[in-house]
Amino acid sequence: MGSKTLKSLLMATSILATAGFAHAADTELTIESWRTDDLAIWQEKLIPAFEAKNPGIKVKFAPTPPTEYDAALGARFDAGSAGDIITCRPFDKSLEQFKRGNLASLTDLPGMKNFSDVAKAAWTTDDGKDAFCVPMASVIHGFIYNKDAFDKLGIAVPTTEAEFFAALDKIKADGTYIPMAMGTKDLWEAATMGYQNIGPTYWKGEEGRAKLIKGEEKLTDAPWVEPYKVLLKWKDYLGDGFEAQTYPDSQNLFTLGRAAIYPAGSWEIGLFNTQAQFKMGAFPPPVKNAGDACYISDHNDIGAGLNAKSKHPEEAKKFLDWVASPEFADIYANALPGFFSLNSTPVKMQDPLAQEFVSWREKCKPTIRSTYQILSRGTPNLENETWVESANVINGTDTPEVAAKKLQDGLDSWYKPAK
Amino acid sequence: MSTVEQASADRGNDKRPWRWHIAVFLTPALLVYTAVMILPLIETLRLSLFNVKDGQSVFVGFDNFAVLFGDPRWAASFWNALKNNFIFFIIHMVVQNPIGVALAALLSVPKLRFGAFYRTALFLPTLLSFVIVGFIWKLILSPIWGVSPFLLDLVGLKSIFSPWLGKPGSALIAVSLISVWQYVGIPMMLIYAAMLNIPDEVLEAAECDGVTGWSQFWKIKLPLILPSIGIISILTFVGNFNAFDLVYTVQGALAGPDGATDILGTLLYRTFFGFQLQIGDKSMGATIATVMFLIILSGVCLYLFAIQRRMRRYQF
């Protein structure tokens with residue numbers, strides 16, 4: 001019943017939309033998205049900027065709440081009423097739509113040359129031949145710190161692992177602040193803010209990730225176990241009762257000024273700017289030895305694709321080409337500090353904290369989260385297992401070696417790398 | 001009595017009119033029940049015998065069950081969930097139900113003042129949404145903002161506090177006790193009602209024979225409320241093996257830490273609907289649902305045939 005009502009509603013909206021077309025001489029493009037939060041940014045900044053340059057094309061941003069987006073979009077594809085521009089989830093969800101023929105290939109779109117292969121990885125077929133979404137935004141991992149606390153204790157921003165732990169020791173010895181705000185209760189903090197944050201430094205970013213997918217490296221190899229050994233050391237610097245500390249607890253501990261360092265994702269910037277009453281700074285995951293190349297997790301999060309059955313493919317491609325342009329990148333990234341453009345042309349961020357995050361792209365090599373592409377398709381799910389095992393390592397339930405072995409065994413049970 | 005004999009005598013002789021009103025009255029309930037209970041149940045059982053191969057749904061017999069019990073990973077998570085579920089159930093049986101009986105016994109003391117107030121207060125958590133209960137207890141037990149470390153500190157017992165919900169050894173017990181706190185009102189009310197049903201004459205007769213106080217409870221009241229305790233046990237069993245909501249709100253879908261609070265309901269949820277990057281597997285989900293159904297069915301049958309039949313009932 002629910003789906004019928006939904007379908008008829010969708011039909012009604014599509015008929016109304018078509019009626020709109022008949023009256024206007026302009027072509028109207030509809031954007032499907034789950035980013036309901038971005039409605040104002042699209043309506044006030046992005047769409048006017050595009051329409052001013054492209055007379056004759058009108059754009060409508062029509063978001064669906066995030067939890068309903070995937071199901072609703074699927075229903076609209078089936079009913080043939082989906083919008084012209086589709087906002088793409090990263091990896092398998094969009095790949096599936098491409099394979100079903102719902103998303104058109106954008107390999108030939110001129111604007112695609114503005115993006116690196118890593119940026120396009122989330123929306124490329126496994127063989128790397130077809131790209132089907134324009135990368136819009138990514139999130140970067142690193143550490144946000146309380147600048148006032150660092151100044152008070154006379155701590156310099158750490159760049160190496162040794163300096164990092166020396167700083168933590170100093171904060172702990174002083175006792176005013178909890179050295180690091182992270183909990184293991186929600187599991188994903190340990191995996192996403194911990195393992196995926198510092199990990200690329202040890203497995204050498206894309207290089208290691210590619211080897212893992214090809215089967216040349218295993219999760220039990222030193223580069224993949226070492227991040228767990230470092231995570232284990234974090235245990236002594238987390239707050240009392242971190243085992244039952246949830247993600248919102250960690251956020252509040254930091255923004256209330258009770259913790260000095262917060263292992264972060266750049267999406268926190270918007271919230272932290274409004275809540276924290278002290279100065280904040282950020283530093284990338286520390287390298288092992290001074291002078292080593294640094295790596296950051298620059299994880300693709302949002303893309304834009306073309307509905308293969310769009311009635312206005314030419315106009316839609318024009319729009320997507322604009323989405324791929326530095327101009328779009330500039331407006332979008334500055335309107336949403338923390339969601340960074342993936343464009344190869346660097347964007348000057350007005351927010352200092354966001355600028356700090358994005359500046360790492362120039363000196364560090366970016367990679368995406370190791371578990372997201374291909375490796376989380378089977379059962380047991382590598383991403384979920386990584387959550388559990390990362391928390392286990394910090395809680396002391398499993399040693400780093402045992403955790404790595406469990407993950408590799410789980411992966412081996414279904415994943416056979418193509419040789 | 002005589003009308004029944006009359007009716008059965010009539011049946012042989014002349015044709016009675018078709019008693020259509022029975023069908024008319026039964027149909028609506030039957031239709032609704034079939035649509036919302038029987039059909040989904042049959043569909044679940046059917047789905048557990050199918051799996052998707054090359055994009056097609058094909059009949060695979062008991063292959064899904066073979067995977068669930070044969071594959072070391074599936075089997076490990078299933079037995080872990082079943083074991084946790086049994087612990088969950090046993091904690092309810094040894095904590096919730098005795099406390100429920102004790103509270104009912106206290107409430108039925110005739111001289112008790114503010115009885116109605118206690119009854120309402122103790123029953124209130126049962127009426128709360130599990131989302132609220134889960135949230136409240138997460139806050140109470142929080143090592144950072146929680147009131148429990150503070151209260152323990154006041155009485156000098158801060159040392160016994162630990163982040164119970166986050167430790168593999170204590171998380172399941174903590175979640176079970178939260179559930180006990182929430183649902184203790186149900187056995188209390190049922191036993192209370194059963195105790196009120198005990199006729200005063202019986203108790204007076206007992207008093208005349210010198211059976212009072214505790215021995216009166218053990219020798220007179222308890223045997224009389226045993227059938228109710230049986231009903232409560234079976235309700236607890238069914239409720240616990242279908243439980244999902246509280247664990248989900250307190251510990252999340254992965255039922256951490258390290259799967260320590262994973263029960264059949266959360267395992268079913270993750271399998272059927274998927275979680276994060278994990279894509280839902282309807283066939284395996286249905287397989288787990290079928291096994292849950294069989295476990296509950298066999299538990300209820302065991303109770304009905306082995307226990308309830310032997311229970312002595314007293315007529316007044």
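Which residues does B:M284 touch, not counting residues up to four places away in sequence? The legends below describe close-up views of a predicted model, and the first of them takes up this question.

**View 1. The surroundings of B:M284 in helix α14 of chain B.** B:M284 is found in helix α14, which covers residues 282-307 of chain B, and the residues that B:M284 touches, once those up to four places away in sequence are set aside, are B:N64, B:L68 and B:T271. The residue counts as buried because 22 C-beta neighbours lie inside 10 Å of B:M284, where 20 or more are required for that class. For a reference distance across the chain, the C-alpha atoms of B:M284 and B:F130 are separated by 27 Å, with their positions 154 residues apart along the chain.

**View 2. The crossing of helices α3 and α4 in chain B.** The axes of α3 (residues 63-70) and α4 (residues 72-107) of chain B come within 5 Å and cross at roughly 75 degrees, and α3(B) is therefore roughly perpendicular to α4(B), given that angles of 65 to 115 degrees fall in that class. On the α3(B) side the contact is made by B:V67, B:L68, B:F69 and B:G70, and on the α4(B) side by B:W74, B:A75 and B:F78. Divided by class, the residues of this contact are six nonpolar and one polar, with no charged residue. B:L68 of α3(B), which takes part in this contact, is also one of the residues that B:M284 touches.

**View 3. The overall form of chain B, as context for its close-ups.** Chain B contains 14 helices and four strands, and its C-alpha trace spans about 70 × 70 × 30 Å along the principal axes. The radius of gyration of chain B is 25 Å, whereas a compact globule of 316 residues would have one near 20 Å. Buried residues make up 29% of the 316 residues in the chain, and among the contacts in chain B with a separation of 6 or more, 67% are accounted for by residues 24 or more positions apart.

**View 4. Cis peptide bonds at A:P380 and B:P257.** Most residues other than glycine have a negative phi, and most peptide bonds are trans. In chain A, a cis peptide bond with omega of about 0 degrees joins A:T379 and A:P380, and A:P380 lies in the loop between β10 (365-367) and α16 of chain A. In chain B, the peptide bond from B:G256 to B:P257 is cis, with omega near -10 degrees, and B:P257 is placed in the loop between α12 (245-251) and α13 (264-273) of that chain.

**View 5. Positive phi values at A:F91 and A:I374.** A:F91 is not a glycine, yet its phi is positive at about 60 degrees; the residue lies in the loop between β3 (85-88) and α4 (92-99) of chain A. A:F91 is buried, with 21 other C-beta atoms within 10 Å. A:I374, also a residue other than glycine, has a positive phi near 65 degrees and lies in the loop between β10 and α16 of chain A. A:I374 is partly exposed, with 18 other C-beta atoms within 10 Å.

**View 6. A:E32 in strand β1 of chain A.** A:E32 is placed in strand β1, residues 27-33 of chain A, and it counts as buried because 23 C-beta neighbours lie inside 10 Å. Leaving aside neighbours within four places in sequence, A:E32 is in contact with A:A62, A:L73, A:A82, A:G83, A:I85, A:I86 and A:T87. A:E32 and A:P346 are 314 residues apart in sequence, and their C-alpha atoms are 27 Å apart in space.

**View 7. The two domains of chain A and their contact.** The domain assignment gives domain 1 of chain A as 2-137 + 300-350 and domain 2 as 140-298 + 369-412, and the C-alpha centres of these two domains lie 32 Å apart. Their contact takes ten residues from domain 1 and eleven residues from domain 2, and the residues on the domain 1 side divide into seven nonpolar, one polar and two charged.

**View 8. The contact of chain A with chain B.** This contact takes 27 residues from chain A and 22 residues from chain B. On the chain A side, the elements that give two or more residues are α11 (247-255) and α16 (382-395), and α16(A) gives the most, with seven residues. By class, the side of chain A that touches chain B has eight nonpolar, 13 polar and six charged residues.

Conventions
Residues numbered from 1 in each chain as written. Chains lettered and ligands numbered in written order. Predicted model: local features only at pLDDT ≥ 70, side-chain atom pairs only at ≥ 80, totals over all residues. Domains from an automatic or database assignment. Contact = placed C-beta atoms within 7 Å. Nonpolar A, V, L, I, M, F, W, Y, C, P; charged D, E, K, R; others polar. Axes fitted to C-alpha atoms, helices over the stretch in contact; angles between N-to-C directions. Parallel < 35°, antiparallel > 145°, perpendicular 65-115°, else oblique. Rg over C-alpha atoms; globule rule 2.2 N^0.38 Å. Buried ≥ 20, exposed ≤ 12 C-beta atoms within 10 Å, placed from the backbone.
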